[in-house]
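User: Please take a close look at one part of this model for me, the charged pairs that join side chains. After that, carry on to whatever else helps to place them.

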Amino acid sequence: MNISEKTCVKLHAVLVCALVGFSVIRGGLLSMLRGFVVLPAKLDVILIYGILFLIVFLLLRYFLERLDLRELIPFFIIFALIIYSWLSNLSYTDYYTRVIGEYLLGVCAYIVIRTIDDTELVLRYLRITAFFITICCFAVMGYSLSKNTYSQSLGYHILPAVVISFDALLDKSAKFRILHVINFLFSFFICFMTGARGPVIAVAAFILLRLIFGFGTDIKRQFVVLLVTAIIIVLFLVYFEEIYNFFFDMAQKYGLSTRVFRKFENGVLFDNTSRQKFYNYSFDILNSSSSNFVFGTGICKDRILLAEQFNNTNNAYAYYPHNLFVEFFLQFGVILGALLSIFVVYVIIKSLFSKIDREVKNFFILFLAVGFVPLMFSMSYVTEPLFFCMIGAGINCIENSKYHKTIDNTH
């Protein structure tokens, strides 16, 4: 089926939005639909996935024309290593099939991001998606107001809405900026009140990076925004006790999570005993043999070994190092693990400091917040598609930088 170039670009933007918010929006749409009518044989689920697969099918030629397939060789190698690990641990078939499905989704995410033609259009679509994410998280995805509700998953679900709306606030060309002010405050409130620290740290990292790197040559506007931010921070520090008590009382009154408040009061806001156990066990496994130290455990085998340390091999999927770089070292050993870590750091630094189009850099910063920062505290890169989005966005930045150098040299 032949479709116009313009239609392809718009469908592609929709696909990017699906990568960011599909799971939560899917749940929201299903909940709203089933509030009116329950279709037999889960036809509503089939319809939603059918639309998604139709978009992918219509864009297959679009992808092939814009992507050098040689870029996928590293992904094929990793996939082969996962299959090899699976064949060596056939008793964990359910675990491996789940990981493989999520890993392949990550590869698809990389392809989608790498083939973006119009970053500005994608950002406009994402800004609309941010509203849907907030609505679905709060009203439809079952944000429980029961006593001391704690939900790390909800915190990460709402995270894209927070950073997308904040990005829109700083973009003079963004539409519905008043609505984005409301959405940012509302979604950040939900994010904070879930009691999860990782999403809040990701928001803080995004704001800092966006303020430093997201203005391009508009130094005057950057100065004004930084000045306003500094004033807000000073006022926050001056009235910290009043602000703290206000939100603490609100959390108690409405049964929201007080987990972050309690940790702050006990002086253990950044302490995490369980996460430290993952780190310690990971390094114990790495140092347990010269083979593990040099070559690593292999992809997916690390979770099995960690699950054994926690005496819960029936749920190997839930056990991973909880840090991207520790995971690299554990899976690939010190040599290749170090090289992969250097590659990721290089992509980040090169993307942030190179001369590139402003919207391309801001798009990267967005995915740096939602696809990289969370991997410093939780989740695994193997099963996190947004990490592959971040890598794809970083490669786009590097290509854009090379383009600018070519233009500068020509002139």
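Analyst: Let's start with D167 and R127, which form a salt bridge whose closest N and O atoms are 2.8 Å apart (a salt bridge is a side-chain nitrogen of Lys or Arg within 4 Å of a carboxyl oxygen of Asp or Glu). This pair ties together distant parts of the chain, with D167 in helix 7 and R127 in helix 6, 40 residues apart (helices are DSSP runs of H or I with at least four residues, numbered from the N terminus). D167 is buried because its relative accessible area is 1%, and R127 is buried as well, at 7% (buried is under 20% relative accessible area, exposed over 50%, partly exposed in between, with a 1.4 Å probe and protein chains only).

Before going on, please keep in mind that this is a predicted model, where local features need pLDDT of at least 70 and side-chain atom pairs pLDDT 80 or more, while totals for chains, interfaces and linings use all residues. Residues are numbered from 1 along each chain as its sequence is written, and side-chain values use heavy atoms, without hydrogens and water.

In general, side chains of opposite charge can pair when their charged atoms come close. Across the whole structure, 12 salt bridges are found. A second group to look at is the network of salt bridges that links E5, R61, E65, R66 and D117. Within this group, R66 pairs with E65, and their closest N and O atoms are 3.5 Å apart. R66 also forms a salt bridge with D117, here with 2.8 Å between the closest N and O atoms. The D117 and R66 pair again links distant parts of the chain: R66 belongs to helix 3, D117 to the loop between helix 5 and helix 6 (119–140), and 51 residues separate them. As for cover, R66 counts as partly exposed because its relative accessibility is 25%. D117 is partly exposed too, with a relative accessible area of 45%.

From the charged pairs we can move to the open spaces, since some of the helices just named return there. The second largest pocket holds about 1,200 Å³ of space (on a 1 Å grid over the protein atoms alone, a pocket is an open set of points with protein on both sides within 12 Å along at least five of seven lines; its volume is the space filled by probe spheres set on the points, which are joined across faces, edges and corners). Its lining counts 39 residues (those with an atom within 4 Å of a point), and L19, S23, L105, E384 and P385 lie nearest the centre. Helices 1 (5–34), 2 (43–58), 3 (60–66), 5 (93–114), 7 and 18 (385–410) each give two or more residues to this lining. Helix 1 gives the most, with nine residues. By class, the lining of this pocket has 27 nonpolar, seven polar and five charged residues (Ala, Val, Leu, Ile, Met, Phe, Trp, Tyr, Cys and Pro are nonpolar, Asp, Glu, Lys and Arg charged, the others, Gly among them, polar).

The largest pocket has about 1,600 Å³ of space. It is lined by 35 residues, with F184, F188, I207, I232 and F236 nearest its centre. Two or more lining residues come from each of helix 7 (152–169), helix 8 (177–193), helix 9 (197–213), helix 10 (219–238), helix 11 (240–253) and helix 12 (259–265). The lining of the largest pocket divides into 31 nonpolar residues, one polar and three charged.

For a sense of distance, take Y103, which sits in helix 5 and is buried because its relative accessibility is 1%. The C-alpha atoms of Y103 and L208 are 30 Å apart, and the two residues are 105 apart along the chain.

Finally, two loop residues deserve a look at their backbone. C300 has a phi near 80°, a positive value in a residue other than glycine. C300 lies in the loop between helix 14 (290–295) and helix 15 (301–309), and it is buried, with a relative accessible area of 3%. H322 also has a positive phi, near 65°, and is likewise a residue other than glycine. The loop that holds H322 runs between helix 15 and helix 16 (324–353), and H322 counts as buried because its relative accessible area is 11%.

Key:
1 Å grid on protein atoms, 1.4 Å probe; cavity = no way out; pocket = protein on both sides within 12 Å on 5 of 7 lines; lining within 4 Å.
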